[in-house]
Amino acid sequence: MLPAMLPRQSNLDPAAAYPKITALRAALDAGDWPACRELLDAAEQAERSYLTAVVADVDGLEDFLRGVLRGDPGDGTAGALLGRHLVEEAWRIRTRARAEHVSREQFVAFRAGLVEAERVLVDAAARSPGDPAIWTARLVTARGLQLGLSEIRRRYGRLAEIDPHHLPGQQQMLQSLCTKWYGDAALTYEFAQEAAAAAPAGAPNPVLLAEAYIEHSEVVTDVDRVRAELREAAMRSVWHPDFRRTHGWVRTMSTFAMAFVLLDDQPAAASLFDALGGLGSRWPWEYLGDPAATIEKFRARAGGNT
């Protein structure tokens, strides 16, 4: 008797889809800043912001980058990466728990970390004002430091002047417009709809509609309308022939897949699980529990290939 087929476990390491991450991690581990700069400076704008965030947790990064900046205070790339690292470290201390589950000590350390990150990023922005990775990170510090929606909009405006379709920054802006921060479902959907409509055909930006739905699914009453809207968004994005598998495509497909799962649109979800193959992303599946286990459960339910 043949053994039962085990479900495939999705590879959630972003480096599995993006070899540049492995190369950048290796350069950082080796302390080879010229190689790091070459990789980051040659990247497309959205890719640069994604790479800066993904490698921000490399061990020993703060001491290394502070050493780079002592040698060259004008190195905006080092400033962008250091600032993002400090942002990620601050959020690690706070955790992603709701405020009522975060201790006073955690909040104090969290704020101190963000204040330092903001200082580094302000200096980096002064030296490299056209770097979208810096402005994307400054959207996170503004939110965490509770600087208010008007300041967040100002910073997003600066980013949009550099790149009007900068998805990493748009994703941070959308988070700030959620009910859990400064906005509500209506503001979130309005921003997502405008950004999606303005993006060129085949761009990943329509995924913002899926993100808006995931963040506010509990208040949606017209499920059929939302399902149709997200199918249309997918047709202009992940299902469009011009969709490119550049940095961020795995998260984009994963987000659409989770939205369709929540909407009980199993055929749409299955098509995306199949397109992802053995790849996956932790976000947004971590909202539902262990990402790997959750992905496989819903892949099986949707009838995707195993």
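**Figure 1. A salt bridge joins the side chains of E118 and R138, at 3.1 Å from N to O.** This pair ties together distant parts of the chain, with E118 in helix α6 and R138 in helix α7, 20 residues apart. (Helices here are DSSP runs of H or I, at least four residues, and strands are E runs of at least two, numbered from the N terminus; a salt bridge is a side-chain nitrogen of Lys or Arg within 4 Å of a carboxyl oxygen of Asp or Glu.) Buried or exposed: which is E118? E118 is buried, because its relative accessible area is 12%, and R138 is buried too, at 7%. The cut-offs are under 20% relative accessible area for buried, over 50% for exposed and partly exposed in between, with a 1.4 Å probe and protein chains only. One thing to keep in mind for every view: this is a predicted model, where local features need pLDDT of at least 70, side-chain atom pairs count only at pLDDT 80 or more, and totals for chains, interfaces and linings use all residues. Residues are numbered from 1 along each chain as its sequence is written, and side-chain values use heavy atoms, with hydrogens and water left out.

**Figure 2. E116 and R119 form a salt bridge within helix α6.** Here the N to O distance is 2.8 Å. The two residues sit three places apart in α6 (residues 104-127), about one turn of the helix. An α-helix has 3.6 residues a turn, so residues three or four places apart point the same way. E116 is partly exposed, with a relative accessible area of 24%, and R119 counts as partly exposed at 48%.

**Figure 3. Over in helix α4, E62 and R66 make a salt bridge of their own.** Their side chains meet at 3.1 Å, N to O. Why are E62 and R66 separated by about one helical turn? Because they are four residues apart in α4 (residues 61-71). E62 has a relative accessible area of 30%, so it is partly exposed; R66, at 23%, also counts as partly exposed.

**Figure 4. R37, D41, R48, D75 and D131 are linked in a network of salt bridges.** How many salt bridges does a search of the whole structure find? The search turns up 23.

**Figure 5. L28 is one of the residues with the most contacts inside the largest nonpolar core.** That core has 92 residues, and L230, F256 and F273 share the top billing with L28. Its largest share, nine residues, comes from α13. (A nonpolar core is a set of buried Ala, Val, Leu, Ile, Met, Phe, Trp, Tyr and Cys residues joined through side-chain atoms within 4.5 Å.) Which residues is L28 in contact with, leaving aside its neighbours within four places in sequence? They are W33, C36, V55, V58, L61, F64 and L81, where contact means heavy atoms within 4.5 Å.

**Figure 6. Helix α15 runs over residues 291-302.** This helix has 12 residues and reaches 16 Å from its first C-alpha to its last, close to the 16 Å expected at 1.5 Å a residue; the expected span is 1.5 Å times one less than the number of residues. P291, A292, T294, I295, E296, F298, R299 and A302 are its buried residues. Their cover includes α13 (249-262) and α14 (266-276). After α15 comes G303, with a positive phi near 85°.

**Figure 7. The loop between α14 and α15 holds both P284 and L288.** The peptide bond from W283 to P284 is cis, with omega near 10°. L288 joins L262 and Y287 in a nonpolar patch on the surface, with about 240 Å² of accessible area together. On its own, L288 is partly exposed, with a relative accessible area of 39%. (Patches are made of residues with over 30% relative accessible area and no salt bridge, joining like charges within 9 Å and nonpolar side chains, meaning Val, Leu, Ile, Met, Phe, Trp and Tyr, within 5 Å; areas come from the Shrake-Rupley method with a 1.4 Å probe, and for residues only the protein chains shown count as cover.)

**Figure 8. Q146 and D264 have positive phi values although neither is a glycine.** Most residues other than glycine have a negative phi, and most peptide bonds are trans. Q146, with phi about 55°, is found in the loop between α7 (132-144) and α8 (149-162), and is exposed at 62% relative accessible area. D264, with phi about 60°, has its place in the loop between α13 and α14, and is exposed at 55%.
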